[in-house]
Number of protein chains: 4
Amino acid sequence: MELNNKQLEIIGIAKALFAQHGFDATSVRDIAQRAQINVAMINYYFNSKENLLEVLIKHGIEAYKLDASQYNTEADAFLRLEKMVEHYVESKFSDLHLYQILTNEANNKKRESYSILFKELRRHNIQCLREVISYGVEQGVFHFYDPVLLHTSMIGTFLNFKMNKSVIEEFIDIPKGMSFEEYLKIELTKHLKYILKAILTYEN
Amino acid sequence: MELNNKQLEIIGIAKALFAQHGFDATSVRDIAQRAQINVAMINYYFNSKENLLEVLIKHGIEAYKLDASQYNTEADAFLRLEKMVEHYVESKFSDLHLYQILTNEANNKKRESYSILFKELRRHNIQCLREVISYGVEQGVFHFYDPVLLHTSMIGTFLNFKMNKSVIEEFIDIPKGMSFEEYLKIELTKHLKYILKAILTYEN
Amino acid sequence: MELNNKQLEIIGIAKALFAQHGFDATSVRDIAQRAQINVAMINYYFNSKENLLEVLIKHGIEAYKLDASQYNTEADAFLRLEKMVEHYVESKFSDLHLYQILTNEANNKKRESYSILFKELRRHNIQCLREVISYGVEQGVFHFYDPVLLHTSMIGTFLNFKMNKSVIEEFIDIPKGMSFEEYLKIELTKHLKYILKAILTYEN
Amino acid sequence: MELNNKQLEIIGIAKALFAQHGFDATSVRDIAQRAQINVAMINYYFNSKENLLEVLIKHGIEAYKLDASQYNTEADAFLRLEKMVEHYVESKFSDLHLYQILTNEANNKKRESYSILFKELRRHNIQCLREVISYGVEQGVFHFYDPVLLHTSMIGTFLNFKMNKSVIEEFIDIPKGMSFEEYLKIELTKHLKYILKAILTYEN
DNA sequence: AATGAATGAGACTTCATTCAT
DNA sequence: TATGAATGAAGTCTCATTCAT
């Protein structure tokens, strides 16, 4: 699955369009026009529109996998948790379009096959989260909380944050010179750190 | 916007199909076939497919609005918060299909107009949440936390819970004789109560 | 499988085009243009081009089946055989286009399913032929000859006669005022009668 | 029209595919893939797909021409006729694919030019047949019968025999250890000899 | 009030061919 | 000599919508 520059360019454009309009509402013509290529090129490079989606997902999904080595260096459980959150947010922001596609299409009955990749990703990230929790429990600073539920809240918060750009913009003044994306990233990180720590230390 | 029985039936079927396959991937023929009516009927009753979506959203969205009278009777801030969560979850579960449609289509650039309704809903619910928080602050049991962020986590958690049925099923044993939907409802309620309380009482 | 006038008209035009250019080389546009209808109409009435072929074959193939009652009235075996030949040629000439389509497409691997209908037709006609032969054998005027082989020669002769219009025209002067088709029909009938009688009475 | 090995290989593969699926249903990609060559190669060597067909026909058609020297050695008219039949069948069997292509495409209006070659072949073979008949007439053992009609029956019988493999298989038990092709060849030869002799000696 | 017939627009895809290398 | 990249044309089919009844 080696992709040349042309293919990567097409993928980039397709990602943006799929994310904005949905897979079904995006025509190969739209993609071709934006990429300034012939319509037939998409099939030439990807065989079909459906396969383009598959390649596009497979190609990008790895970036979303948490990499324990990025935060395991922290001995303090709280710091490790925080670092994990930073790493987590960073990874999602590296390709916001794809994440939106994934969430939209994962629900689509027709495209269940791609949700397998999505599932696998979740499994991996949940496991990473479990390990961070366990570490804190061992250190005596966290009590255990189901990582599936935690992960659900993390990811859900992230997605909603992103999806509700317009609502949030209405309620919050973004400091000058800062893009919404930057602001969102900072606030999201702060918020996620906060809720994770709150949940893992809360005494019911 | 008075709807007769035939229209309501069409709306019900359209909702289910839009939720499962997406708006674009659902043809008016699909709807007509399931509703055992003529294809022309949909345009006859709703003018256009697009307008059917609009009517369908407008018709159902009210059910999602929090109604303060349902939980304001509780004097204890914690109980009030819990009751609000119960009410919140209940309202979403009353029409899961529509909620899925809303989240999927709200992102769609082409259909920004519908997201206005969605935004309005959010504004309303955020305000309700703000009031509950303020009440707890007044009572001296909560510290303040931004209701926009809280709401984002609530709704995001809910959506992800629902969307990830299959992942969750893999990790959790559902008690016999209980449907996934029932279980999801119970666990989700419990989890939401927990995280809200945790966040609102956590000392950073 | 009731066909309305529009459908019958389309079938007629499609038959002529499929026969002349082959199924693959005939586009639905060609058919639509000739029938002076919208391209979409063909799919509207027949679902697909492939299905149009199927309907077209199923609709017409019955006419090719020999009907014993048409010649069984003849007590003399020779006359019965001759009458059968006349009936046989007549039936083929009633729809030359379809017969050409059948022979062309029966060979096509992709369209094996239609050849089932063709096979069934052959089985029927071979059985009819067998009965006529048996009758002559009973009467003591024919000796038995394999009807499968006989049928093969009959049908092959017919097809080749038809296919080689241009070669035949070169060798034979057609009487004035007679169309090639008429002449072909007369000559073919005469020839078929001759070879059948020759074969069934030849002492090797 | 000198053909190198690569060209001959392409022709062989194209023949098989054209015969099985028809000219229109065979893409140059199919041919290229089977021949393990680049798609552009076919145009490079043959200029166009259409021309490939022409070259392929021109290259192979000679094999089908009857060669009087193969059977003229027989003094006995019956034996000469039989030998001609053997030679005739043999020549067709040397390249069954091409023969199927010829018969399929000869009918096609779009490709009338190739049918010229086909016509020329028929003319030649009809002439050969005429000579054999005349010889028998001279010998006083045959009465004259139009060679055009005889040839039509011969070729038609052959083609139908071949085309109806499946029908014939159903009616006839092929001896063990014999392929259908072998059986067909033997039976066909026998049958053709029989009908020719029957026709040429039958007293109406 | 309701619908069957019909259609124009546009979807994806495949095709034979060309061109620069 | 040979080929990978690229393309315009055309293919079939599906779509939402309209219109006469």
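1. In this predicted model, a polar side-chain atom of D:Arg29 lies 2.9 Å from a base nitrogen of DNA strand E; a polar contact is a pair of N or O atoms within 3.5 Å, where within protein one must be able to donate a hydrogen and the other to accept it, and residues adjacent in sequence count only if both atoms are side-chain atoms. On chain A, a phosphate oxygen of DNA strand E is 2.8 Å from a polar backbone atom of A:Val28, and another polar pair joins the side chain of A:Arg29 to a phosphate oxygen of that strand at 3.4 Å.

2. The numbering runs from 1 along each chain as its sequence is written, with chains lettered from A and ligands numbered from 1 in the order in which they are written. Local features need pLDDT of at least 70, side-chain atom pairs count only at pLDDT 80 or more, totals for chains, interfaces and linings use all residues, and side-chain values use heavy atoms, with hydrogens and water left out.

3. DNA strand E is surrounded by 27 residues, the closest being A:Lys49, B:Asn38, B:Tyr45, C:Asn38 and C:Tyr45. Of the atoms of DNA strand E that come within 4 Å of the protein, 60% belong to sugar and phosphate. The surface near this strand (near: a residue heavy atom within 4 Å) comprises 12 nonpolar, 11 polar and 4 charged residues.

4. DNA strand F is likewise surrounded by 27 residues, and the closest are A:Asn38, A:Tyr45, C:Arg29, C:Lys49 and D:Asn38. Sugar or phosphate provides 62% of its atoms within 4 Å of the protein, and bases provide the rest.

5. Polar contacts to DNA strand F include a phosphate oxygen 3.0 Å from a polar backbone atom of C:Val28. In chain B, a backbone N or O atom of B:Thr26 lies 3.4 Å from a phosphate oxygen of the strand, while a polar side-chain atom of B:Asn43 lies 3.5 Å from a sugar or linking oxygen.

6. Within chain A, helix 3 and helix 4 (residues 49-61) pack at an angle of about 60 degrees, with axes 9 Å apart; helices are DSSP runs (H or I, at least four residues) numbered from the N terminus. These two helices are therefore oblique to each other, that is, neither under 35 degrees (roughly parallel), over 145 (roughly antiparallel) nor 65 to 115 (roughly perpendicular).

7. Helix 6 of chain C (residues 96-106) is mostly covered, with 9 of its 11 residues buried, buried meaning under 20% relative accessible area (1.4 Å probe, protein chains only). Among them are C:Leu96, C:Tyr99 and C:Glu105.

Terms used: Buried < 20%, exposed > 50% of the residue type's maximum accessible area, 1.4 Å probe, protein only. Axes fitted to C-alpha atoms, helices over the stretch in contact; angles between N-to-C directions. Nonpolar A, V, L, I, M, F, W, Y, C, P; charged D, E, K, R; others polar.
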